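Welcome, and thanks for taking a look at this one. Please have the sequence and the structure open side by side as you read.

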Amino acid sequence: SLFSLSMTDSWIRITVVGDPGVGKSSLILTFTQSSFPDEDALSEEGIANFRHNFSVDDKVQPLGLWDIGRKTTEHEREDAFKETDLFFVVFDLSNHFSFTNVLVEWVPLIKKTNKPFFLVGSKSDLRAPNIPHEGEIEAQGESEYKSVDTKLGQQLVSTLGGSQYLEISSKESQVSVVELFQNSVRFVVASRSAPAVPAKSDSDCLIQ
């Protein structure tokens with residue numbers, strides 16, 4: 001399989017999904033290259049994969065990163081998804097439509113894998129400074145409500161059963177990108193070392 005990349009169990013595999021243009025490629029390239037990429041380096045087609053050694057808590061952790069574009073076949077997605085330890089579901093904080101698609105398209109797509117996910121709000125540097133309150137949003141309609149505030153992101157990740165919600169700016173804050181991957185490595189390592197959990201009924205909900 002293209003997505004196995006001869007990885008052993010020590011590798012952590014992270015798959016990044018979301019609408020075109022939300023900053024998935026920028027996120028990965030900023031992290032792996034330690035700088036914001038040129039526009040020519042960005043792609044929203046097909047699947048791109050990367051390897052990166054990342055030092056967390058005085059230990060070097062090998063990472064496999066997959067950038068899933070919209071123009072992928074179901075077979076390609078299934079191959080990538082079955083190898084995944086953690087998903088990043090990315091939306092653009094300055095674009096409410098991409099936020100809506102988290103609920104409509106992306107979380108339903110990955111939920112069938114029963115793998116954990118982080119909800120990631122990108123482009124925090126582009127978010128409008130004055131975000132309307134919820135009552136004002138309803139009055140204006142979603143078309144005029146371009147940005148997403150932190151509270152809405154936190155509410156959505158809780159509602160959908162995500163594990164963490166983080167906001168980043170690949171262009172203006174490399175620190176936020178590094179923090180996202182630090183949290184991811186620690187989360188997966190802790191999950192792997194946790195004792196097995198007895199089977200739960202459908203009415204139970206467990207978020208590690």
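Which side chain meets that of Lys123 in a salt bridge? The partner is Asp92, with N to O at 3.7 Å. Please keep in mind that this is a predicted model.

## The Lys123 pair

Lys123 sits in the loop between E5 and helix H4 (134–140), while Asp92 belongs to strand E4, so the salt bridge ties together parts that are 31 residues apart in sequence. The two ends differ in their surroundings: Lys123 counts as partly exposed because its relative accessibility is 24%, whereas Asp92, at 7%, counts as buried.

## The overall picture

Let us step back to the whole chain. The protein has six helices and six strands, and from the N terminus on they follow the order β-α-β-β-α-β-α-β-α-α-β-α. Of its 208 residues, 45% count as buried. About 11000 Å² is exposed, with carbon and sulfur atoms supplying 49% of that area.

Among contacts with a separation of 6 or more, 71% are between residues 24 or more positions apart.

## A network around Arg13

Six salt bridges are counted in the protein. Arg13 forms one with Glu83, where the closest N and O atoms are 3.8 Å apart. This pair links distant parts of the chain, with Arg13 in strand E1 and Glu83 in the loop between H2 and E4, 70 residues apart. Arg13 also forms a salt bridge with Asp85, at 3.0 Å between the closest N and O atoms. Here too distant parts are linked: Asp85 is in the loop between H2 and E4, 72 residues from Arg13. Both Arg13 and Glu83 are buried, and Asp85 is buried as well. Arg192 joins Arg13, Glu83 and Asp85 in a network of salt bridges.

Thr84 is found in that loop between H2 and E4 too. With a relative accessibility of 3%, Thr84 counts as buried. Leaving aside neighbours within four places in sequence, Thr84 is in contact with Arg13, Thr15 and Lys115.

## Helix H3

Now for helix H3, which covers residues 96–111. Its 16 residues reach 22 Å from first C-alpha to last, close to the 22 Å expected. H3 nevertheless bends by about 50 degrees at Val102. At the start of H3, a side-chain oxygen of Asn95 comes to within 2.9 Å of the backbone nitrogen of Phe97.

The buried residues of H3 include Phe99, Val102, Trp106 and Ile110. Their cover includes strands E1 (12–18), E4 (86–92) and E5 (117–122), along with helices H2 (74–82) and H5 (150–160).

Terms used:
Residues numbered from 1 in each chain as written. Predicted model: local features only at pLDDT ≥ 70, side-chain atom pairs only at ≥ 80, totals over all residues. Heavy atoms only, no water. Helix = DSSP H or I, 4+ residues; strand = E, 2+ residues; numbered from the N terminus. Expected span 1.5 Å × (residues − 1). Bend = angle between axes of the 7 residues up to and from the residue. Buried < 20%, exposed > 50% of the residue type's maximum accessible area, 1.4 Å probe, protein only. Contact = heavy atoms within 4.5 Å. Polar contact = N/O pair within 3.5 Å; in protein donor to acceptor, adjacent residues only side chain to side chain. Areas by Shrake-Rupley, 256 points an atom, 1.4 Å probe, with all protein chains shown as cover. Salt bridge = Lys/Arg side-chain N within 4 Å of Asp/Glu carboxyl O.
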